[in-house]
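This report looks at a protein together with DNA. It takes up the surface beside one DNA strand, then the relation between the protein copies, then the salt bridges.

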Number of protein chains: 2
Amino acid sequence: MGRTRLGRDDWADAALDALADGGLAAVAVEPIAARLGATKGSFYWHFANRDALVEAALARWADRHTDAVIRELDPITDPAERLAALLDATIGRPVANRAELALLAHADHPAVAPVLAAVTARRVEFIAAAYQQMGCTARDARHRAVLGYTAHIGLIQAQRATAGALLPDADRPAYLRFLAGVIRPPAGD
Amino acid sequence: MGRTRLGRDDWADAALDALADGGLAAVAVEPIAARLGATKGSFYWHFANRDALVEAALARWADRHTDAVIRELDPITDPAERLAALLDATIGRPVANRAELALLAHADHPAVAPVLAAVTARRVEFIAAAYQQMGCTARDARHRAVLGYTAHIGLIQAQRATAGALLPDADRPAYLRFLAGVIRPPAGD
DNA sequence: CATGCTCCGTACGCTAGCGTATGGTCGAAC
DNA sequence: GTTCGACCATACGCTAGCGTACGGAGCATG
């Protein structure tokens, strides 16, 4: 199991895994080497230093959880349907959420900050575009997008903070319906 | 300046400061000792270990930014007015927000988790009570409270992530009005 | 002015993780 | 089948921060 030789990508994948379930601090050379059954000797052949590993993990994350999702959803022409698909691809994705939280936790880190800023802007942009297509003004569309996105971010944070006690699973669908009703633009077409 | 002898409270205050502007990792004995112009010798007289210092900082935070605020606002009888006062005491408080973010960043830390859970529950409870007093059902009041609170948490996160570019200061009042309009219960009285 | 207690500084050992140096292994090419 | 280069292990030094041991300062009390 596992090739005998490791490539740069193997390290990057392992780094993203470590990020998701141990936070940024877990993106550490020696622990990951142990997990891969290798040593630092291998790592420093493929990467200059730890920062390079962090950046590789970040790039992977941005691609998988933002760029790829947008690429897949963009072809959907109906904006409401597109948003529904986004919700479906976003809600209740524990792995994605864990990496998300880990990065939010280090938003001021020099390597994390630019990636996070770009990803956040791109996502809100994507949502706002849909609302605008539904007939909202640019300003109103942006407000709805910001509300939807921040409500999502805030909810995963608060849910983790309270171990899910804030909003029991049984109440979740009702809350989501409430939220959708509140954000939905008035009439539109 | 600065007494020659330090007390337990001096260390706890310094720890809360360090937490606010350097995160949980900054609640470290030696750096804080240096900032206080003292050494570890002093610290280990007043505290058993670093964890005790973290807990002291946490307790201070919970009291100052939740218990004290609620104590002060609870006497306001009109629920709408009470919520307005809460908003006023919460929005745009950079120091409070920084500590907030630092703790959210370590929600899974064994010492942080229980404090954060209690604080979150207490705050949402406080907001929901106001909406219920305005005539909402318990369930609806809770939904509005969760939305309001998570939108707030999410916004400070996203604003930090984008260095404030997500919602420019000029657009902030308009967004807040939009949000208030959306959360406000239908008729009430 | 001796005694004792409170508070603090200094010096030390310990650990985890980063980064480097150096030599070894394995496959491919010739 | 030797040679070369890609890849990796071992061993080392370095740093920051935790925690401990111990001695000394300073003040109150008798």
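## The surface near DNA strand D

In this predicted model, the residues of the surface near DNA strand D fall into three classes: six are nonpolar, seven are polar and five are charged. In total, 18 residues surround the strand. The closest of them are Leu6(A) and Thr39(A) from one chain, and Glu30(B), Lys40(B) and Arg50(B) from the other. Of the atoms of DNA strand D that come within 4 Å of the protein, 58% belong to sugar and phosphate.

Phosphate oxygens of the strand take part in several short distances to the protein. A backbone N or O atom of Leu6(A) is 2.3 Å from a phosphate oxygen of DNA strand D. For Thr39(A), the side chain supplies the N or O atom, and the distance to a phosphate oxygen is 2.7 Å. Arg50(B) has a polar backbone atom 2.8 Å from a phosphate oxygen of the strand. Three elements give two or more residues each to this surface: helix H3 (40-46) of chain A, and helix H2 (29-36) and helix H3 (40-46) of chain B. The largest share, five residues, comes from H3(A).

## Two copies of the chain

How is chain B superposed on chain A? A rotation of 180° does it, with 0.0 Å of shift along the axis and an RMSD of 0.1 Å. The two copies are therefore related as by a two-fold rotation axis. Both copies use the same surface, since 100% of the contact residues of chain B recur in chain A.

## Salt bridges within a chain

Side chains of opposite charge can pair when their charged atoms come close. Over all chains, a search of the whole structure finds 19 salt bridges.

One of them joins the side chains of Lys40(A) and Glu30(A), with an N to O distance of 3.3 Å. Lys40(A) is in helix H3 of chain A and Glu30(A) is in helix H2 (residues 29-36) of chain A, so this pair links distant parts of the chain, ten residues apart. Lys40(A) has a relative accessibility of 39%, so it counts as partly exposed. Glu30(A) is also partly exposed, because its relative accessible area is 49%.

Another salt bridge connects the side chains of Arg123(B) and Glu100(B), at 2.8 Å from N to O. Because Arg123(B) lies in helix H7 (residues 112-133) of chain B and Glu100(B) in helix H6 (residues 94-104) of chain B, the pair ties together parts that are 23 residues apart in sequence. Are these two residues buried or exposed? Both Arg123(B) and Glu100(B) are buried. Elsewhere, salt bridges that share partners join Asp9(B), Asp13(B), Arg60(B) and Arg64(B) into one network.

## A salt bridge between chains

The side chains of Asp171(B) and Arg139(A) also form a salt bridge, with 3.1 Å from N to O. This pair crosses between chains. Asp171(B) is in the loop between helix H8 (138-161) and helix H9 (172-183) of chain B, while Arg139(A) is in helix H8 (residues 138-161) of chain A.

Asp171(B) counts as buried because its relative accessibility is 11%, and buried means under 20%. Arg139(A), with a relative accessible area of 48%, is partly exposed.

Conventions
Residues numbered from 1 in each chain as written. Chains lettered and ligands numbered in written order. Predicted model: local features only at pLDDT ≥ 70, side-chain atom pairs only at ≥ 80, totals over all residues. Heavy atoms only, no water. Near = heavy atom within 4 Å. Polar contact = N/O pair within 3.5 Å; in protein donor to acceptor, adjacent residues only side chain to side chain. Helix = DSSP H or I, 4+ residues; strand = E, 2+ residues; numbered from the N terminus. Nonpolar A, V, L, I, M, F, W, Y, C, P; charged D, E, K, R; others polar. Least-squares fit on C-alpha atoms with pLDDT ≥ 70 in both. Contact = heavy atoms within 4.5 Å. Salt bridge = Lys/Arg side-chain N within 4 Å of Asp/Glu carboxyl O. Buried < 20%, exposed > 50% of the residue type's maximum accessible area, 1.4 Å probe, protein only.
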